Amino acid sequence: MRRTFLKMMALGVAAVIGSTALSSASLAAANTAEGDRKPVRIGWTAWSDAEAVTRLAQRLIQERLDQPVELVLADIGLQYQGLAKGDLDFMMMSWLPTTHASYLDKVGKDIVPLGMLYTRARLGWAVPDYVPEDQVKTIADLAKPEIREKLKGKIQGIDPGSGLMQASEKALKDYGLDGYELVSASGAAMTAALGRADRREDWIAVTAWSPHWMFAKWKLRYLEDPKGSLGGLERVHVMARKNFYQEHPKVAEFLTRMYLPLDDLEKIMLEADATSYDKAIDTYIANNKQRVDYWVTGEMPAS
């Protein structure tokens with residue numbers, strides 16, 4: 001099963017090991033140095049919120065729990081498959097109850113929820129505030145010919161396999177947005193397009209989600225979604241393969257305790273965009289010692 005999954009990874013999916021993208025040879029050397037202990041394998045996708053929580057967990061698992069970690073960059077659908085087959089140990093980006101419902105329908109019986117990382121997440125379509133609200137307030141407004149022309153008939157999207165893109169395809173149909181193209185791209189390409197449009201004050205509509213640093217960097221607003229095509233408030237969970245807790249109880253218990261307020265997560269993301277994830281995580285750990293100690297040890301701080 002592992003061999004099959006790794007072949008799938010090779011078809012356009014990069015494996016990122018630790019924070020330094022080690023080669024297979026250097027990984028073998030690292031494992032030998034660790035006494036041949038196998039690293040826990042964390043699936044992730046390069047979405048800003050997922051990268052923030054994944055790299056924060058990686059740091060603490062390696063440094064505080066003395067457990068080697070391997071990060072595997074993969075499309076979200078492949079992550080669910082990897083957990084079900086036992087090729088990945090856990091992932092930290094399961095959006096429930098709506099966004100990833102289709103994945104859980106397929107593999108939910110074969111994976112195990114470990115904990116809730118944060119709440120009040122949401123998906124939607126957003127436009128810059130300079131787009132007049134009296135002209136574009138709801139997704140339904142995009143059907144107006146003059147609005148479609150100003151948006152050049154495009155909704156700027158992200159990875160084609162994401163739950164947000166699946167929901168966006170549904171929104172196109174629900175609102176009868178004929179003549180629109182949902183543009184697939186990486187999350188970074190989406191924010192780059194948004195940045196270019198903002199500098200020129202061009203009209204743009206993007207697939208968006210909260211938490212995301214773009215709402216702190218630019219003045220944006222979500223379009224109202226009266227049909228509920230893009231869902232409501234979501235919660236984000238850690239999902240693991242079967243028997244992960246039995247084999248790695250300390251890591252699993254750490255993950256059940258790891259919870260971030262949404263404002264804290266957005267601060268990490270915003271600092272990471274300005275500097276790096278390593279520096280942002282340094283700052284967060286230094287400023288939240290009691291919370292981080294509780295995650296790692298399970299011991300409540302003295303009152």
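In this predicted model, K109 is exposed, with a relative accessible area of 63%. The side chain of K109 meets that of D110 in a salt bridge, with a distance of 3.7 Å from N to O. The partner in this pair, D110, is partly exposed, its relative accessible area being 25%.

A further salt bridge joins D202 and R200, whose closest N and O atoms lie 4.0 Å apart. Of these two residues, R200 has a relative accessibility of 58% and counts as exposed, whereas D202, at 29% relative accessibility, counts as partly exposed. Salt bridges that share partners also occur in the structure, and through them R59, E63, D278 and D282 are joined into one network.

The structure holds 19 salt bridges, and one of them is formed by the side chains of R64 and D293, which meet at a distance of 3.1 Å from N to O. Because R64 is located in the loop between helix 3 (48–63) and strand 3 (69–73), while D293 belongs to helix 14 (residues 289–297), this pair ties together parts that are 229 residues apart in sequence. As for its accessibility, R64 is partly exposed, with a relative accessible area of 39%, a value that falls between the limits of 20% for buried residues and 50% for exposed residues.

Conventions. Residues numbered from 1 in each chain as written. Predicted model: local features only at pLDDT ≥ 70, side-chain atom pairs only at ≥ 80, totals over all residues. Heavy atoms only, no water. Helix = DSSP H or I, 4+ residues; strand = E, 2+ residues; numbered from the N terminus. Buried < 20%, exposed > 50% of the residue type's maximum accessible area, 1.4 Å probe, protein only.
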